[in-house]
Amino acid sequence: MTTHKFQYTGLNEDQLTKFNQLADLLVDQNRVHNLTTITAAEDIYARHFVDSLAALELLDELKPEQSEPPRLLDIGSGAGFPALPLAIALPDWDITSLEATGKKVRFQEHARNSLNLTNFTARQGRAEILAREDTYRENFDVVTARALAELRVLAELTIPFVRVGGHFLAWKGPDPAEEVDSARQAIQLLGGRVRKFYDYQLAQNRKFTIVVIKKVTMTPAEYPREFKNIKKSPLGE
Ligand SMILES: C[S@@+](CC[C@H](N)C(=O)[O-])C[C@H]1O[C@@H](n2cnc3c(N)ncnc32)[C@H](O)[C@@H]1O
């Protein structure tokens with residue numbers, strides 16, 4: 001059990017309890033399954049929880065006006081980031097996490113059941129394959145990804161899942177301008193437009209950016225390609 005407590009303005013007691021339970025589960029399971037390189041509770045709070053929750057203001061702004069819960073897909077979520085913190089903080093959103101590695105998906109399912117996160121689903125699979133399924137392709141209001149790939153590669157793995165009018169949020173470092181510029185053509189080919197850079201700060205005033213991409217037209221049927229081709233020749237080269 002961790003002795004420290006997670007604090008975050010705007011979350012209620014029940015949500016804070018769930019974050020503490022999640023930290024305990026991660027510390028515990030990480031000993032056996034090597035799920036994340038971040039292992040101390042305080043680092044989990046800062047690097048996983050607070051960093052994942054940096055999107056809350058943006059999501060409030062992007063939330064569509066509709067009666068059914070908005071749908072968010074987190075791609076390459078690893079041990080569940082940012083998907084699990086967002087599912088705790090946003091009970092009125094329907095959150096799906098897509099992850100290729102079985103043991104990481106099993107951890108996420110364990111967390112879902114332990115924390116009773118009824119708005120959260122973990123799915124094992126590869127993005128470039130699932131993007132061809134009707135129930136996934138162009139079916140999400142928001143798609144997120146943190147630490148998965150450089151933006152030219154990432155765009156092809158993520159934008160096909162976003163519905164036209166929805167958004168893709170890419171967690172990036174302090175100054176992603178160059179990476180974004182080299183990905184602009186790829187993003188456009190896939191039906192997206194860079195809408196804005198959302199800057200935020202973590203501890204010690206370290207600055208990070210979420211790149212916000214809006215889906216403006218449907219993704220052409222040929223994308224995404226097989227992963228080896230995406231990697232070998234990223235779009236827009
Ligand atoms: C560096 S980890 C980042 C995990 C998490 N997003 C985070 O920020 O802590 C990247 C994860 O993406 C998964 N992944 C890589 N390529 C993928 C793909 N094509 N489809 C689904 N998951 C993928 C890997 O298994 C790995 O767990």
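Here is a short tour of this structure, one selection at a time.

**Before you click**

You are looking at a predicted model: local features need pLDDT of at least 70, side-chain atom pairs count only at pLDDT 80 or more, and totals for chains, interfaces and linings use all residues. Residue numbers start from 1 along each chain, following the sequence as written. Try colouring by pLDDT, the predictor's confidence in each residue, from 0 to 100. The protein chain averages 94, and 97% of the residues score at least 70. For the complex, the predictor gives an ipTM of 0.99 and a pTM of 0.96.

**Stop 1: the ligand**

Select the ligand and show what is near it, meaning residues whose C-beta atom, placed from the backbone, lies within 6 Å. Which residues come nearest? Of the 18 around the ligand, they are Gly76, Gly78, Ala100, Ala127 and Arg146. Strand S2 (94-99) and helix H6 (127-130) are the elements that give two or more residues to this shell. These labels are DSSP runs numbered from the N terminus: helices are H or I with at least four residues, strands are E with at least two.

Now colour the shell by class. Ala, Val, Leu, Ile, Met, Phe, Trp, Tyr, Cys and Pro count as nonpolar, Asp, Glu, Lys and Arg as charged, and the others, Gly among them, as polar. You should find 9 nonpolar, 4 polar and 5 charged residues around the ligand.

**Stop 2: helix H1 and its partners**

Select H1 (residues 13-33) and H2 (residues 41-53). They pack at an angle of about 115°, with their axes 10 Å apart. (Axes are lines fitted to C-alpha atoms, for helices over the stretch in contact, and angles run from 0 to 180 degrees between N-to-C directions.) That angle makes H1 roughly perpendicular to H2, a label covering 65 to 115 degrees; under 35 counts as roughly parallel, over 145 as roughly antiparallel and the rest as oblique.

Show the side chains next: Phe19, Ala23, Leu26 and Val27 in H1 meet Ala41, Ile44, Tyr45 and Phe49 in H2. Contact here means C-beta atoms, placed from the backbone, within 7 Å. What classes does the contact of H1 with H2 have? It has 8 nonpolar, no polar and no charged residues.

Keep H1 on screen and add H5 (residues 102-115). Their axes come within 11 Å and cross at roughly 145°. On the H1 side, pick Lys18, Gln21, Leu22, Leu25, Gln29 and His33; on the H5 side, pick Lys103, Phe107, His110, Ala111, Ser114 and Leu115. This contact has 5 nonpolar, 5 polar and 2 charged residues.

**Stop 3: H7 and H8**

Jump to H7 (residues 151-158) and H8 (residues 177-189). Their axes are 8 Å apart, at an angle of about 35°. Leu151, Arg152, Ala155 and Glu156 of H7 touch Glu179, Val180, Ser182, Ala183, Ala186 and Ile187 of H8. The classes here are 6 nonpolar, 1 polar and 3 charged.

**Stop 4: backbone oddities in loops**

Zoom in on Pro82, in the loop between S1 (71-75) and H4 (83-89). The peptide bond leading to Pro82 from Phe81 is cis, with omega near 10°. Then find Pro224, between S7 (207-215) and H9 (227-232). The bond from Tyr223 to Pro224 is also cis, with omega near 0°.

Finish at Asn116, in the loop between H5 and S3 (120-124). Its phi is near 55°, a positive value in a residue other than glycine.

Methods:
Contact = placed C-beta atoms within 7 Å.
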